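Okay, thanks for coming, everyone. I'd like to walk you through the sheets in this one, so let me put it up on the screen.

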Amino acid sequence: MSTTSEATSLGKAFHVLEVMATSSDTLTLLEIVQELGFHKPTVHRILSELVELGYVNRVEKGIYQITPKLRRLALGGLDDRLIEIADPCLRALHDETGETVNLGVLRGTNIRYLRVLESTHPLRRIVEPNSNDPFYSTSLGRAITLQLSDDEWDALIERTRLIARTTETVIDATQLRKIHQRVQQDGFSVEQDQNDVGVTCIGAPVYEEEIIAAISLSVPTARADAKALQRFIKAVVRTARQISKQIQQQSMSKT
């Protein structure tokens, strides 16, 4: 594809977004086509790509609306706001468990760590804020993507390079889909030795109107026996719900 055609395609995508952003309701494919004067197949292709990226929802066949993800992108500052709201709860979880606590968001096909509170124990996993890990091998990534439908999850997997981080890493798409469906049922994720050897992680999603992030607890597998694991799961899920509630309350107070 030439630079000119790339620029033209990008420009058309922004025009579609501008039309949708100015509407407080849903728009049909025909309405967008008529507003912009673009060919119908072009607008349909752009909308399909925006749906795949999570910026537009297909409400039903031929009817679309923008998502909270796009609204947050336009407002900016989401990560800083998220860290500010989550920090007290993350610190409480850190104090309660003494283990490493993480806050992460999905960026493309990777998890970006926004906040890391390291374990007080000598044996621990060390992660730097703003570092990245693959979504498919982490409890954070599995928790963040639990809201995706099978089709949305398949589209994410298709553009992901699946590489084994350890001998335990699952990189088979069929097995990963089963893990995804299990996480959807449970509402949390547990990953053992798949991103780092000797490390077990428990993750739970953080919601606003939809999932916007996840938190996790990273524990040496040697300290994660069955009894301890259940205690960690309850603490992580409880903390994620507390953060979600505070984010939702703050959002409501601004409306």
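Let me start with one pair of residues. Thr-28 has Ile-63, in strand 3, as its bridge partner. That pair belongs to the contact between strand 1 and strand 3, residues 63-66, which run antiparallel and share two bridges.

Zoom out a bit, and you're looking at an open sheet of three strands, ordered 1-3-2 and paired antiparallel. Strand 1, at 27-28, and strand 2, at 56-60, are the edge strands, each pairing on one side only. Helix 3, residues 40-53, packs on this sheet and touches strand 2 and strand 3. The helix direction makes about 110° with that of strand 2.

Now, before we go on: this is a predicted model. How does the pLDDT look? It averages 86 over the protein, and 88% of the residues score at least 70. The stretch to watch is residues 1-7, where pLDDT is below 50. Beyond near neighbours in sequence, that stretch has one contact in the model. Where pLDDT is low, please don't read the predicted coordinates in detail.

Okay, second sheet. Here six strands make an open sheet, and the order is 6-5-4-9-8-7, again with antiparallel pairing. From one strand to the next, the twist averages 30°. Which strands stand at the edges? Strand 6, 132-134, and strand 7, 189-192. Each has a single partner strand, so one side of each has no neighbour in the sheet.

Let's spend a minute on strand 4, residues 100-107. Is it largely enclosed or not? Six of its eight residues are buried, so the rest of the structure largely encloses strand 4. On one hand, strand 4 pairs antiparallel with strand 9, residues 211-220, over five bridges. On the other, it pairs with strand 5, residues 110-117, also antiparallel, over seven bridges.

Asn-102 is a handy residue to click on here. It stands opposite Ser-216 in strand 9, and it also stands opposite Val-116 in strand 5.

Strands 4 and 5 form a hairpin, with two residues between them. Have a look at Gly-108 in that turn: its phi is positive, about 70°.

Last stop, moving outward from strand 5. Three bridges join strand 5 to strand 6, and those two run antiparallel. If you want a landmark there, find Ile-111, which stands opposite Asp-133 in strand 6.

That's my tour; happy to rotate the model if anyone wants another look.

Note on methods:
Residues are numbered from 1 along each chain as its sequence is written. This is a predicted model: local features need pLDDT of at least 70, side-chain atom pairs count only at pLDDT 80 or more; totals for chains, interfaces and linings use all residues. Side-chain values use heavy atoms; hydrogens and water are left out. Two strands pair if DSSP finds at least two bridges between them. Helices (H or I, at least four residues) and strands (E, at least two) are DSSP runs, numbered from the N terminus. Contact means heavy atoms within 4.5 Å. Axes are lines fitted to C-alpha atoms, for helices over the stretch in contact, and angles run from 0 to 180 degrees between N-to-C directions. pLDDT is the predictor's confidence in each residue, from 0 to 100. Buried means under 20% relative accessible area, exposed over 50%, partly exposed in between (1.4 Å probe, protein chains only).
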